[in-house]
Amino acid sequence: MLSSSAGSLHSISGWTTYRASRPASGELSLPALETLAIVAYNQPVIKAEVEQIRGVNSDGVIKTLLDRRLVKIMGRKEVPGKPLLYGTTHEFLQYFGLKD
């Protein structure tokens, strides 16, 4: 009996560790929060600048933030290649309970 309880506790412990490492629906992942902070602080900012600060590719994270309407395309930077400029949105302010 004791061994089955210990097995159950181990299973529950593993599940809670797994669950704690994944954001709940509606919450932002740590990479998304990190990227959002970089965009908010440096806006308007291009993806290459975000990636230089983070040190990793940010394609997926920026797409997620665009899909959730927390960042928006603000235009293009007037440099060769004309990369997209990103900035925060009104939804970003609402998400964090901020005023204009």
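## Briefing on a predicted α/β model

Pro44 is found in the loop between α2 and β1, and the peptide bond that leads into this proline from Gln43 is cis, with omega near -5°. The model is a predicted one, and its secondary structure comes to five helices and three strands, which follow the pattern α-α-β-α-α-β-β-α when read along the sequence. The points below take up the sheet, the helices that lie across it, one buried strand residue, the surface, and the backbone geometry of several loops.

**Sheet**

- The three strands form an open sheet in the order β1-β3-β2, with antiparallel pairing; its edge strands are β1 (45-46) and β2 (71-76), each of which pairs on one side only.
- Strands of a sheet pair through backbone hydrogen bonds, and they may do so in either a parallel or an antiparallel way.
- Between β2 and β3, which run antiparallel, there are five bridges, and Arg76 has Leu84 as its bridge partner in β3.

**Helices across the sheet**

- Helix α2, made up of residues 30-42, lies across β1, β2 and β3, and its direction makes an angle of about 95° with β3.
- Helix α4, made up of residues 59-67, lies across β2 and β3, and runs at about 105° to β2.

**A buried residue in β3**

- Thr88 belongs to strand β3, which covers residues 84-88.
- Is Thr88 buried or exposed? Thr88 counts as buried because its relative accessible area is 14%, and the cut-off for buried is under 20%.
- When neighbours within four places in sequence are set aside, the contacts of Thr88 are Leu36, Val39, Ala40, Gln43, Leu70, Val71 and Lys72.
- One of these contacts, Gln43, is also the residue from which the cis peptide bond to Pro44 starts.

**Burial, contacts and surface**

- Of the 100 residues of the protein, 23% count as buried, and among contacts between residues at least 6 apart in sequence, 45% join residues at least 24 apart.
- The protein exposes about 7100 Å², of which carbon and sulfur atoms supply 58%.
- Which residues form a nonpolar patch on the surface? The patch consists of Leu30, Leu33, Tyr95, Phe96 and Leu98, which together have about 480 Å² of accessible area.
- Within this patch, Phe96 sits in the segment after α5 (90-95), and Phe96 is classed as partly exposed because its relative accessible area is 37%, a value that falls between the 20% and 50% cut-offs.

**Backbone geometry in the loops**

- Most residues other than glycine have a negative phi, and most peptide bonds are trans.
- Arg69, in the loop between α4 and β2, has a positive phi of about 60° although it is not a glycine; Arg69 is exposed, with a relative accessible area of 59%.
- Lys82 lies in the loop between β2 and β3, and its phi is near 40°, which is a positive value in a residue other than glycine.
- Lys82 is partly exposed rather than exposed because its relative accessible area is 40%, whereas exposed requires over 50%.

Technical notes. Residues numbered from 1 in each chain as written. Predicted model: local features only at pLDDT ≥ 70, side-chain atom pairs only at ≥ 80, totals over all residues. Heavy atoms only, no water. Helix = DSSP H or I, 4+ residues; strand = E, 2+ residues; numbered from the N terminus. Buried < 20%, exposed > 50% of the residue type's maximum accessible area, 1.4 Å probe, protein only. Contact = heavy atoms within 4.5 Å. Patch = residues over 30% accessible without salt bridge, like charges linked within 9 Å, V, L, I, M, F, W, Y side chains within 5 Å. Areas by Shrake-Rupley, 256 points an atom, 1.4 Å probe, with all protein chains shown as cover. Salt bridge = Lys/Arg side-chain N within 4 Å of Asp/Glu carboxyl O. Pairing = 2+ DSSP bridges. Axes fitted to C-alpha atoms, helices over the stretch in contact; angles between N-to-C directions.
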